[in-house]
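Me: Could you take me through the ligand site in this one? I'd like a close look at what surrounds the ligand and what touches it.

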Amino acid sequence: MIKMNPHYNKLNASYLFSTIAKKITEHQNANPDTSLIRLGIGDVTHGLAKPCVDALKAAADELGSDESFRGYGPEQGYAFLRETIAENDYHQRGADIDPDEVFVSDGAKCDSGNFLDVLANDIVVGVPDPVYPVYVDTNVMAGRTGAFSDGRYDGLQYLEGTVDNGFVPTPPSSHLDLVYLCFPNNPTGASATRSQLSEWVSYALEHNALILFDAAYERFIQSTDVPHSIYEIEGARSCAVEIRSFSKTAGFTGTRCAFTVVPKDIEIADDSGEKRSLHSLWNRRQSTKFNGVSYPVQRAAEAVYSPEGRREVDYRVNYYMENARLIRDIMTNAGYTVSGGVDSPYIWVQTGTDSWSFFDRMLTEAQVVITPGVGFGRMGEGFIRISAFNHREKVEEAMERITRAL
Ligand code: PLP
């Protein structure tokens with residue numbers, strides 16, 4: 001009989017969001033007249049920015065005529081988008097990134113998982129705790145871990161985020177080959193300063209390690225001492241891959257467009273210890289397994305950088321960050337220790353009880369859905385994540401309900 005990938009059996013059976021969904025369904029069945037407000041999952045609520053919609057329509061029209069039809073595009077993305085990204089996201093911030101180091105894709109989630117394809121299995125992997133679960137589960141699927149016990153997988157090195165380190169783990173004294181960093185962070189909302197990122201870059205250079213830097217929330221950064229790209233740190237071109245997404249800023253969660261930057265300076269060893277180019281390996285992987293993002297979607301992503309596109313993105317970011325401020329203030333005034341919500345749309349609250357009890361209380365007493373921190377790892381126990389992605393009236397009402405319940 002056909003056999004399954006045995007590593008899937010190791011995956012933690014109670015996946016966070018399916019457990020939440022089950023609890024919501026049970027609650028709604030028992031209380032059919034109540035209306036829930038969801039401040040849980042990190043999906044956006046504003047529609048796609050207008051210039052992006054216009055670009056999508058115009059590109060669809062182009063595809064409809066034989067003269068301007070485009071079939072398979074370059075697997076790495078069209079030059080018009082790669083050049084726009086390199087110029088606006090990197091050159092204008094003083095980061096030296098070439099357009100052909102930018103690989104356009106259909107999502108930051110896919111890229112962070114797919115990247116494991118080009119790395120050996122017997123490497124030491126460091127993941128943050130709390131963590132965006134995709135980093136962990138994709139390593140489990142690839143067979144880089146042992147069994148799951150006591151909230152952790154054997155074989156992974158966990159980098160602990162705590163109140164004391166402001167949820168920005170410091171480099172360990174032990175050796176890692178691959179390190180996942182995500183700033184601004186999901187779920188804790190923490191951001192990393194220049195000196196904190198510099199420490200990680202120095203660590204990676206010293207250990208010949210690779211940093212997978214997930215900057216999906218870069219556009220939400222408000223603090224002036226927080227770099228927007230890891231390439232603002234000297235040396236990062238030799239040790240860091242950066243992943244970004246149009247999902248949360250311009251409303252591409254359903255439309256799907258993101259990109260991964262793989263600098264040509266990064267060298268990686270083959271079995272015999274000979275040095276190879278990571279850029280060439282990723283290019284090989286993408287050319288073989290991916291056929292590019294659709295032309296209309298890439299045109300829509302390009303429109304994000306137009307003057308009107310920027311205004312729309314600014315409007316969305318400011319709107320969600322005003323929600324974040326509101327949530328932060330109310331939870332702080334209610335006496336909770338709160339972090340995040342300054343450079344990111346996530347607010348991380350220390351509950352004083354275990355995460356699931358607080359979740360249950362908010363669901364049943366306030367009819368508000370939040371996310372239990374323990375679902376993001378053992379270090380998330382005792383915390384909850386509140387997402388600022390919703391309409392203002394909903395956020396205001398949710399916070400009134402929470403205040404009453406508390
Ligand atoms: N990276 C982080 C840290 C995220 O929180 C998310 C979505 O929630 C993603 C990546 C997914 O981005 P995309 O929609 O581009 O796949």
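Reply: Here is a walk around the ligand site, with a short detour at the end. Keep in mind that this is a predicted model.

Let's start with where the ligand is: it sits in the second largest pocket. Two elements each give two or more residues to the shell around it, namely helix H4 (108-114) and helix H7 (247-250). There are 14 residues around the ligand, and the ones that come nearest are Asn-186, Asp-214, Tyr-217, Ser-245 and Ser-247. By character, the shell is a mix, with six nonpolar residues, four polar and four charged.

Now for the contacts made by ligand oxygen atoms. Ser-247 puts a polar side-chain atom 2.6 Å from an oxygen atom of the ligand. With Arg-256, an N or O atom of the side chain is 2.8 Å from a ligand oxygen. Ala-108 takes part through its backbone instead, where a polar atom lies 2.8 Å from an oxygen atom of the ligand. As for how much of the ligand is covered, on its own it has 400 Å² of accessible area, and the protein covers 91% of that.

One detour while you have the structure open: a search of the whole structure turns up 24 salt bridges. One of them joins the side chains of Asp-360 and Lys-23, at 3.0 Å from N to O. Asp-360 belongs to helix H11 (residues 355-366) and Lys-23 to helix H1 (residues 16-30), so this pair ties together parts that are 337 residues apart in sequence.

Technical notes
Residues are numbered from 1 along each chain as its sequence is written. This is a predicted model: local features need pLDDT of at least 70, side-chain atom pairs count only at pLDDT 80 or more; totals for chains, interfaces and linings use all residues. Side-chain values use heavy atoms; hydrogens and water are left out. A residue is near a molecule or strand if one of its heavy atoms lies within 4 Å of it. A polar contact is a pair of N or O atoms within 3.5 Å; within protein, one must be able to donate a hydrogen and the other to accept it, and residues adjacent in sequence count only if both atoms are side-chain atoms. Accessible areas come from the Shrake-Rupley method with a 1.4 Å probe; for residues, only the protein chains shown count as cover. On a 1 Å grid over the protein atoms alone, a cavity is a set of points where a 1.4 Å probe fits but cannot get out, and a pocket is an open set with protein on both sides within 12 Å along at least five of seven lines; lining residues have an atom within 4 Å of a point. A molecule sits in a cavity or pocket if more than half of its atoms lie within 2 Å of its grid points. Helices (H or I, at least four residues) and strands (E, at least two) are DSSP runs, numbered from the N terminus. Ala, Val, Leu, Ile, Met, Phe, Trp, Tyr, Cys and Pro count as nonpolar, Asp, Glu, Lys and Arg as charged, and the others, Gly among them, as polar. A salt bridge is a side-chain nitrogen of Lys or Arg within 4 Å of a carboxyl oxygen of Asp or Glu.
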